[in-house]
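Reader: I should be grateful for a close examination of a single part of this structure, namely the protein surface that meets one of the nucleic acid strands. Please describe it in one connected account.

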There are 2 protein chains.
Amino acid sequence: MENDPALPSLNQEPELLKTVLNKEGFRFTSQRQKILDLFQSAALGHHLNAEEIHQQLLDQGEKISFSTIYRALHVMVQLGLLQELELAEGRKYYELNTPFMDQHHHLVCVHCGDVQEFEDAKMTQVGSSESAARGFSLLNCQFTVYGICPSCQSLLG
Amino acid sequence: MENDPALPSLNQEPELLKTVLNKEGFRFTSQRQKILDLFQSAALGHHLNAEEIHQQLLDQGEKISFSTIYRALHVMVQLGLLQELELAEGRKYYELNTPFMDQHHHLVCVHCGDVQEFEDAKMTQVGSSESAARGFSLLNCQFTVYGICPSCQSLLG
DNA sequence: TGAATAGCGAAAATGATTTTCAATAACCCT
DNA sequence: AGGGTTATTGAAAATCATTTTCGCTATTCA
Ligand SMILES: [Mn+2]
Ligand SMILES: [Mn+2]
Ligand SMILES: [Zn+2]
Ligand SMILES: [Zn+2]
């Protein structure tokens with residue numbers, strides 16, 4: 001499937017982050033690039049929170065403050081580069097944003113925190129039609145299924 | 001549609017809260033009853049957070065501490081009497097739990113915070129089949145649609 | 001009714017996120 | 001390229017919802 005041309009695809013163009021930032025009056029900084037790089041090199045289906053971003057940058061020898069991380073996350077969500085997720089438990093997670101029609105959803109084990117992703121076009125349809133029916137302009141949909149994963153089930157008896 | 005017999009229906013029996021609590025080793029207290037009463041008398045489609053519960057009880061002349069409110073909410077979620085929602089913005093909301101097949105979902109205006117409810121059997125179906133396909137035991141599904149409501153759209157131009 | 005202890009309130013603690021502020025660096029304009 | 005403007009940074013303090021602690025009270029049950 002083609003990319004949505006309205007969404008910047010940063011995977012190819014190394015200079016695109018600067019373009020996207022400057023277009024909205026933000027400045028390009030090495031910190032923002034490094035954070036975005038983490039998301040681009042993260043395993044598919046891996047979600048990052050501020051703590052993990054901080055730690056991963058430390059591990060690769062980069063020092064960065066939490067305030068900068070939080071500020072960068074907000075800017076990138078605002079620009080549509082990242083998506084903020086409320087997977088569970090008091091912290092927010094982030095992932096690369098995907099075009100609306102390709103949005104995926106999450107199945108979370110409430111015991112071990114394991115997260116699995118799945119796609120289903122029905123979600124997008126229901127989200128679109130419900131928001132249209134009430135005159136809402138749709139921003140995004142999150143479908144989160146909570147349960148207990150197979151290995152936790154066997155542990156718990 | 002019938003109530004799920006596995007879920008206690010507290011709307012009728014004034015003494016049922018005590019029964020449900022004691023069955024799991026919890027004690028009945030007037031504070032817990034008052035909190036549950038608030039939910040039972042709340043307008044349909046209204047979601048309450050700890051702050052609002054505290055204020056509503058103050059308004060009706062009841063003094064109660066936040067620690068008690070938070071503890072009661074946790075117990076009632078554990079007992080399946082309440083459902084915890086991550087509608088948005090750093091605080092948790094609660095509502096009376098409904099049988100799984102009747103679960104509803106939420107459309108949230110990210111600008112003014114207005115929340116509308118809707119039902120769609122497709123959600124439950126997708127949640128069930130996805131969790132079954134991966135061997136998860138299903139606890140619950142939350143579908144949250146974010147957008148901008150009609151009146152905020154006109155305000156924002 | 002009385003012993004055992006779950007639950008209460010008040011205050012302190014926690015922990016993720018946000019804000020403040022002085023120093024720095026990106027951007028724009030010559 | 002150099003320089004002024006100001007967005008961004010880092011460190012530390014502040015915020016704020018929620019949780020924990022602890023001495024006292026009230027519920028349960030024999
Ligand atoms: Mn994901
Ligand atoms: Mn609801
Ligand atoms: Zn698990
Ligand atoms: Zn609105």
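Author: In this predicted model, a side-chain N or O atom of His74(A) lies 3.0 Å from a phosphate oxygen of DNA strand C. His74(A) is also among the residues that come nearest to DNA strand C, together with Tyr70(A), Arg27(B), Arg32(B) and Thr68(B), out of 22 residues around the strand. Of the strand's atoms that come within 4 Å of the protein, 69% belong to sugar and phosphate.

The bases are approached as well. In chain A, a polar side-chain atom of Arg27(A) is placed 3.1 Å from a base nitrogen of DNA strand C. In chain B, Ser67(B) brings a polar side-chain atom to 3.2 Å from a base nitrogen of DNA strand C.

Both chains contribute elements to this surface. At least two residues each are supplied by α1 (16–23), α4 (66–78) and β2 (91–96) of chain A, and by α2 (30–41) and α4 (66–78) of chain B. The greatest contribution comes from α4(A), with four residues. Sorted by class, the surface near DNA strand C comprises nine charged, nine polar and four nonpolar residues.

The arrangement of the two chains completes the picture. A turn of 180° with a shift of 0.0 Å along the axis lays chain A on chain B with an RMSD of 0.1 Å. The two copies are therefore related as by a two-fold rotation axis. Within chain A, the C-alpha nearest that axis belongs to Phe143(A), at 2.1 Å. Because 97% of the interface residues of chain A are also interface residues in chain B, the copies meet through the same surface.

Technical notes. Residues numbered from 1 in each chain as written. Chains lettered and ligands numbered in written order. Predicted model: local features only at pLDDT ≥ 70, side-chain atom pairs only at ≥ 80, totals over all residues. Heavy atoms only, no water. Least-squares fit on C-alpha atoms with pLDDT ≥ 70 in both. Contact = heavy atoms within 4.5 Å. Near = heavy atom within 4 Å. Polar contact = N/O pair within 3.5 Å; in protein donor to acceptor, adjacent residues only side chain to side chain. Nonpolar A, V, L, I, M, F, W, Y, C, P; charged D, E, K, R; others polar.
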